[in-house]
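This report introduces a protein structure to a reader who has not met it before. Please look over the sequence and the model before reading on.

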Amino acid sequence: MTKEIYLAGGCFWGTEHFFKQIEGVSTTEVGFANGNTEHPTYKEVYTDTTGHAETVHIVYDEAVVDLEFLLNMFFKAIEPTSVNRQGHDEGTRYRTGVYYTDEEQLPVIRKVFAEQQALLSEPIAVEVEPLRCFYRAEDYHQDYLDKNPDGYCHLPLELFAYARQAKMKK
């Protein structure tokens, strides 16, 4: 049974590549979520005037990996107390967010956020909202780090290896 979640973790190139490594993630797609314009281009989103966040649409096999595991992995790939910044990338398009498509996901999201907040001294700055809109980014952004192995990424390479080895406890 497949489920989906939309995660904004800064630059979508690295966020997508990170989640693609996790066993049970079926597909990923990068795009722009929860902004104010329809069908924005990367160039438009880059101006920080559209309200969109660079976001990864993740489809996963719930028999292999669940939302709780994916969200805990998400927290390993972001600086959760940072506002509109991940790594060297700054701007509202790089804000962090969890955009859900099913109200039934909320209890799991709240549980993970409460557990993660208990580990931090500053408040979590990750927004949690229902998905209002998602527009697929241009083709050259899809699977960017597969096509450009030496391309820019704000995430450390070790994190990708960690994601490949991470297994959900059953």
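The text below goes from the whole chain to one helix and then to single residues.

**Basis of the report**

The model is predicted, so local features need pLDDT of at least 70 and side-chain atom pairs count only at pLDDT 80 or more, while totals for chains, interfaces and linings use all residues. Residues are numbered from 1 along each chain as its sequence is written, and side-chain values use heavy atoms, with hydrogens and water left out.

**The chain as a whole**

Six helices and eight strands are present in the protein chain. Both are DSSP runs numbered from the N terminus, a helix being H or I with at least four residues and a strand being E with at least two. Along the sequence, their order is β-α-β-α-β-α-β-β-β-α-β-β-α-α.

The radius of gyration of the protein chain is 15 Å, which agrees with the value near 15 Å for a compact globule of 170 residues. This radius is taken over C-alpha atoms, and the globule rule is 2.2 Å times the number of residues to the power 0.38. Along the principal axes, the C-alpha atoms occupy a box of roughly 45 × 30 × 30 Å.

Of the 170 residues, 51% are buried. Buried means under 20% relative accessible area, exposed means over 50%, and partly exposed lies in between (1.4 Å probe, protein chains only). The chain exposes about 8500 Å², of which carbon and sulfur atoms supply 51%; such areas come from the Shrake-Rupley method with a 1.4 Å probe, and for residues only the protein chains shown count as cover.

Contacts (heavy atoms within 4.5 Å) often link distant parts of the sequence: among those between residues at least 6 apart, 78% join residues at least 24 apart.

**Helix α6**

Helix α6 spans residues 157–165, and its residues L159, F160 and A163 are buried. Seen down the axis of α6, the buried residues fall within an arc of 100 degrees, so they line one face of the helix. The arc is that of the directions from the helix axis to the C-beta atoms. An α-helix has 3.6 residues a turn, so residues three or four places apart point the same way.

The cover over the buried residues of α6 includes α1 (12–20), α3 (67–76) and α5 (144–147). On the other side of α6, L157, E158 and Q165 are exposed. Q165 has a relative accessible area of 63%. Between Q165 and L145, which are 20 residues apart in sequence, the C-alpha to C-alpha distance is 19 Å.

**Two loop residues and a residue of α4**

Most residues other than glycine have a negative phi. N34 and N84, set out below, are not glycines and have positive phi values.

| Residue | Phi | Loop | Relative accessible area |
|---|---|---|---|
| N34 | about 55 degrees | between β2 (25–33) and α2 (42–45) | 2%, buried |
| N84 | near 55 degrees | between α3 and β4 (85–86) | 26%, partly exposed |

A114 belongs to helix α4, residues 106–117. With a relative accessible area of 48%, A114 is partly exposed. A114 and M168 are 54 residues apart along the chain, and their C-alpha atoms are separated by 20 Å.
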